[in-house]
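User: I am new to this structure and would like a close look at a single part of it, the surroundings of the ligand. Please set that part within the whole protein as you go.

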Amino acid sequence: MFDLTGKKALVTGSSQGIGFTVAKYLSEHGAKVFVHGGMSCEKTCGAAEKIGNAVPVTVDLFDGACDEKLYAVTGDIDILVLNASVQYRKAWDEITDEEFYKQIDVNIRASLKLIQKYAPHMKEHRWGRIVTVGSVQQQKPHKDMLVYAATKAAQLNMVINLAKQLAPFGITVNNVAPGVIATPRNADALADKEYAAKVMSGIPMGYAGEAVDCAAQILLLCSDEGRYMTGEDIYIDGGMKL
Ligand SMILES: NC(=O)c1ccc[n+]([C@@H]2O[C@H](COP(=O)([O-])OP(=O)(O)OC[C@H]3O[C@@H](n4cnc5c(N)ncnc54)[C@H](OP(=O)(O)O)[C@@H]3O)[C@@H](O)[C@H]2O)c1
């Protein structure tokens with residue numbers, strides 16, 4: 001079950017957090033995985049070393065040529081997990097143009113560019129898996145993350161659009177929407193006990209999820225076993241959206 005032997009996968013933003021665990025799961029199930037980060041080669045290489053059967057690639061998704069730069073290292077791939085994102089916490093009336101465009105560039109434009117780059121091979125081979133990582137904020141936006149939430153909703157719309165167009169080629173396109181998942185991104189915020197208690201009170205299950213909760217679902221979507229699911233939006237949020 002979930003045998004990915006012979007498949008090549010790129011997981012964006014896999015130098016830490018959810019992406020790291022997704023890359024680890026895909027590798028453990030036989031895929032050759034490209035571990036990606038934007039910050040430093042050292043960090044990405046360290047993550048790839050921990051995973052094994054993995055190749056590091058460091059490219060800033062803010063870069064307009066990010067698709068070309070990634071493709072130069074990965075070549076064609078069968079599985080694309082679009083996990084990296086940028087998020088600014090700020091009141092809606094304080095968001096700057098730079099912050100707006102950075103979130104749009106990384107969370108939407110780069111996602112589209114990478115799909116444009118990698119889908120032709122998947123179409124040719126009549127097999128492909130594309131998974132985007134969205135957020136519970138598609139449905140339940142946080143007041144201090146207006147643009148971030150909007151980019152995740154837009155990315156979901158792209159998934160629905162492409163799922164229909166790519167299904168005839170054996171390519172599935174799905175979105176997973178995490179709620180609160182304990183990762184380096186929110187470690188500081190959740191270390192504040194008062195804030196953490198407030199957040200947990202909004203989660204029916206009463207606790208934050210872990211990266212494995214997302215990785216297990218993404219593994220299913222990337223496998224042969226997940227072949228009949230497409231255009232789905234799957235919440236992994238302990239009921240937070242309800
Ligand atoms: N954690 C949560 O509670 C939560 C909730 C809802 C949705 N999500 C979504 O889940 C995904 C993963 O979240 P996470 O918490 O695991 O994030 P994280 O710990 O902040 O990790 C983010 C990853 O994205 C990469 N990245 C960020 N900006 C980049 C850029 N400009 N170019 C290339 N890579 C970049 C980072 O690489 P470097 O550091 O190497 O640059 C890192 O590997 C994101 O899409 C996030 O929006 C998370």
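Analyst: With 242 residues, the protein would be expected to have a radius of gyration near 18 Å if it were a compact globule, and the value of 17 Å found in this predicted model agrees with that. The C-alpha trace spans about 50 × 35 × 35 Å along its principal axes, and the protein holds eight helices and seven strands.

Turning to the ligand, there are 30 residues around it, and those that come nearest are Gly13, Gly17, Gly37, Gly38 and Arg185. Two elements give two or more residues to this shell, namely α1, which covers 17–28, and α2, which covers 41–51. The largest share comes from α1, with three residues. Sorted by class, the shell around the ligand is made up of 15 polar, twelve nonpolar and three charged residues.

As for the protein around this part, 44% of its 242 residues count as buried, and the largest nonpolar core has 59 residues. Ala9, Val22, Leu26, Val33, Leu80 and Ile218 are the residues with the most contacts inside that core, to which helix α8, residues 211–222, gives the largest share, seven residues. Once the neighbours within four places in sequence are left aside, Ile218 is in contact with Val22, Val81, Val131 and Val176. Across the protein, among contacts between residues at least 6 apart in sequence, 68% join residues at least 24 apart.

Methods. Residues are numbered from 1 along each chain as its sequence is written. This is a predicted model: local features need pLDDT of at least 70, side-chain atom pairs count only at pLDDT 80 or more; totals for chains, interfaces and linings use all residues. A residue is near a molecule or strand if its C-beta atom, placed from the backbone, lies within 6 Å of it. Helices (H or I, at least four residues) and strands (E, at least two) are DSSP runs, numbered from the N terminus. Ala, Val, Leu, Ile, Met, Phe, Trp, Tyr, Cys and Pro count as nonpolar, Asp, Glu, Lys and Arg as charged, and the others, Gly among them, as polar. A nonpolar core is a set of buried Ala, Val, Leu, Ile, Met, Phe, Trp, Tyr and Cys residues joined through C-beta atoms within 7 Å. A residue is buried if 20 or more other C-beta atoms lie within 10 Å of its own, exposed if 12 or fewer, and partly exposed in between; C-beta atoms are placed from the backbone. Two residues are in contact if their C-beta atoms, placed from the backbone, lie within 7 Å. The radius of gyration is taken over C-alpha atoms; the globule rule is 2.2 Å times the number of residues to the power 0.38.
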